[in-house]
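I opened this notebook to record what I looked up in the structure, entry by entry. I begin with the chain as a whole and then turn to single helices and residues.

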Amino acid sequence: MALTPRLDLRQSQQLVMTPQLQQAIKLLQLSNLDLAAYVEQELEKNPLLERADNLAVEEEHGSDREVEPDRDLSGDSDDSGALDELSLSNDSDAADAKESALDTDYDNVYTSDAAGDIPADGPRADAADTGFLAASSGSSSFSGSDVNLEQTLSEDISLRDHLSQQLSLLPLSHARKLIGAYLIDLVSEAGYLADDLGEVAATLGCSVDMVTEVLDQLRGLEPVGVFARDLGDCLALQLKDQNRYDPAIAALLDNLDMLAARDLKGLLAVCAVDQEDLAEMISEIRALDPKPGLQFGTDIAQTVVPDVFVRRRPDGGWHIELNSETLPKVLVNNQYHTILNGRARKKDEKEYISDCLNTANWLVKSLDQRAHTILKVATALVEEQEMFFTQGIEFLRPLNLKTIAEAISMHESTVSRVMSNKYMATSRGVFELKYFFTSAINSSEGGDSHSAVSVRHKLKQLIDEELPNKILSDDKIVELMRLQGIDIARRTVAKYRDAMKIPSSVQRRRQKKQLIAS
C-alpha cells in the first residue's frame, strides 16, 4: 500500500472545560462558608467587584456629593455678616449657660460630638498647635454608649497554655523542659498522650529513660489525669490523687470492658469483693473525669447554617426559599470600569481591565445560576418526599439522583454537586440534602419499596418497646419486619443495629435485668 499524503475533513463533538465552566462547577459544590471565603478572595483580586451593600452606600453618598456643588453659596456680605453675628451670639449664650450650670470656666468643660471626636471649638488653640487635637481625635469617647462589652471578655486558656505555665515552675533542666514542651504539644484535647515514647526519644535525640522521667513529672500536673496513656491509666491517676487506689480497684480498672458489658458476676470474681464494695467502687469511678483536658478552652463547634428554608403555606402547599444570609451579594461596578477604561492607555492595561470585567460578570452569573439550581433541586426534593414532611420519618421514600435529575432536566453529576454540604431547615429539623437520598429495601408484599432510613427507624422502635422478659433477637425482628411488609435479611438487621450502636439481645437482656434489680 502506497504512503501518500491525504487531506481529510472530520466532524466530532467534545466537551471543553473552559475556566468559566470550571468555576461554575466549583461554586456549585461549595458550602456557604467556603463560598463566602472564595468570594472574599475574588473581591480582593478583582477591582471591578463590589459588595452590593457597599455599592449602594457609595451611590447614595455620590448623589449627595453631586447635589452639594449646586447649592447657591454666594450671598450678600451683610447677610453673611448677620449670620456670623447670630452664630457667635448663640455660641456665647451656650457657653454662659454651661459656665453657670457647672460653676467653672468654659475651657475646662469636656464636650464631645456623637462620633466621639473633639469639636473644633472645644480645645484651646494652643492645644491644637501642639498636636493635641490630632492625637486626641482618634481616642474613644468617655460616654457609656461607646463601651464595647466584647472588648472586656477574657480569652479562655487552653490546656496547652495551662500545662506550659506549670512546666515553667518545675525544677527541671533546660533540656528536660524542652522535652516537656514537646510532650505538651502531643497531648490531645481530652488530655491523653498516645504517642510512642521511643519515637519521641528518636525525634528529640535523647534516651527513652529521660523522656520517661520527664513524663513522670508531667503526670503530676493539673488537671489530675493528664498525660494518661489510656482510660484506665487516667482513672488510676485520679484515684491515686484521692488516695483511693488499692489492688481491688486496680483489678476493676484492668477489666473496664467487663464493666461496660455490665458483667457484675465476673467483676465480683476478678476483684474478690462483695456486692456492696463493688457498687461503691463503681460509684467512685463514675465520679471521675474520663476526659480531664476538656475542662479548658476548646474549639467552639460551629452550628449548621441552612441553605434552604421549607415552610408550610396556609393553602397546604410548600414555600421553599433560599437563605439570603448565605448568598454572597456582589455586583459589577460599571461606573468604576468606565473610569478605568477611559484612563487606560497601554494594551496590557486594557486587556487587564477587560479580563477583570469578564471575570466579574461571569462570577455574578455563576452565583445566580448556583442559587437557582439549589432552589430547583430543593423544590424537587420536597415534591418527592412530601410524605416525610407531613407524616414523619416512617414515610421517607427511597430516592436516587436519577429521579431528581430527570425531574429538573439536569445531569446526575450536577445534582450530586448540589447535594454536597447543603442543608435544609424544615419543621422537623435541619437535614443535609443527602439525607433524603436513601437506598431501597424490597417489600415482602410486592408493593412499594421502603427507605433504609425508615427501616432503621422502625428497627429502633421495636427494640425500644421490647419488654425486659421478652428481648427480641435478630431473627424475631426479621419476622416482625416481614409482618409489616418489609423484606429484610438477618445480616441487614445486625448491620443496622451495629450502626446505631444497639447491643445484641444477650447484652440488652443483661442490662435490663440489672436495671430492674437496681
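Entry 1, the exposed face of α15. I noted that this is a predicted model, and I began with α15, where the face turned away from the buried side carries the exposed residues Gln 275, Glu 276 and Arg 286. The helix runs over residues 275-286, and its 12 residues reach 16 Å from the first C-alpha to the last, close to the 16 Å expected at 1.5 Å a residue.

Entry 2, the buried face of α15. I then listed the buried residues of this helix, which are Leu 278, Met 281, Ile 282, Glu 284 and Ile 285. They cover an arc of only 160 degrees around the axis, and that puts them on the same side of α15. For the partners I found that the buried residues of α15 pack against α11 (231-241), α12 (247-253), α13 (256-260) and α14 (264-271).

Entry 3, the chain as a whole. I looked up the totals and found 24 helices and eight strands in the secondary structure of the chain. Of the 518 residues in the chain, 33% are buried. Among the contacts with a separation of 6 or more, I recorded that 59% come from residues 24 or more positions apart.

Entry 4, α1. In helix α1, residues 19-29, I found Gln 23, Ala 24, Leu 27 and Leu 28 to be buried. Their arc around the axis is only 135 degrees, which puts them on the same side of α1. I noted the general background that an α-helix has 3.6 residues a turn, so residues three or four places apart point the same way. The cover over the buried residues of α1 includes α2 (32-45), α17 (347-384) and α20.

Entry 5, α7. Which residues are buried in helix α7? I found Leu 159, His 162, Leu 163, Gln 166 and Leu 167, within a helix that spans residues 159-167. Seen down the axis, these buried residues fall within an arc of 140 degrees, so they line one face of α7. What covers them includes α8 (174-186) and α10 (208-218).

Entry 6, the pair α19 and α20. I looked up how helix α19 (residues 401-408) meets helix α20 (residues 412-419), and found that they pack at an angle of about 110 degrees with their axes 8 Å apart. The two helices are therefore roughly perpendicular to each other. From α19 the contact takes Leu 401, Lys 402, Ile 404, Ala 405 and Ile 408, and from α20 it takes Glu 412, Val 415, Ser 416 and Met 419. I noted that the residues of this contact divide into six nonpolar, one polar and two charged.

Entry 7, His 337. Is His 337 buried or exposed? His 337 counts as buried because its relative accessibility is 16%, which falls under the 20% cut-off. This residue sits in helix α16 (residues 334-343), and, leaving out residues up to four places away in sequence, it touches Leu 48, Ile 353 and Leu 357.

Entry 8, Leu 204. I placed Leu 204 in helix α9, residues 197-204, and its relative accessibility of 33% means that it counts as partly exposed. Not counting residues up to four places away in sequence, Leu 204 touches Ile 179 and Tyr 182. I also looked up the separation from Tyr 182, which lies 22 residues apart from Leu 204 along the chain, and found 8.7 Å between their C-alpha atoms.

Technical notes:
Residues are numbered from 1 along each chain as its sequence is written. This is a predicted model: local features need pLDDT of at least 70, side-chain atom pairs count only at pLDDT 80 or more; totals for chains, interfaces and linings use all residues. Side-chain values use heavy atoms; hydrogens and water are left out. The expected span of a helix is 1.5 Å times one less than its number of residues. Buried means under 20% relative accessible area, exposed over 50%, partly exposed in between (1.4 Å probe, protein chains only). The arc is that of the directions from the helix axis to the C-beta atoms. Contact means heavy atoms within 4.5 Å. Axes are lines fitted to C-alpha atoms, for helices over the stretch in contact, and angles run from 0 to 180 degrees between N-to-C directions. Angles under 35 degrees count as roughly parallel, over 145 as roughly antiparallel, 65 to 115 as roughly perpendicular and the rest as oblique. Ala, Val, Leu, Ile, Met, Phe, Trp, Tyr, Cys and Pro count as nonpolar, Asp, Glu, Lys and Arg as charged, and the others, Gly among them, as polar.
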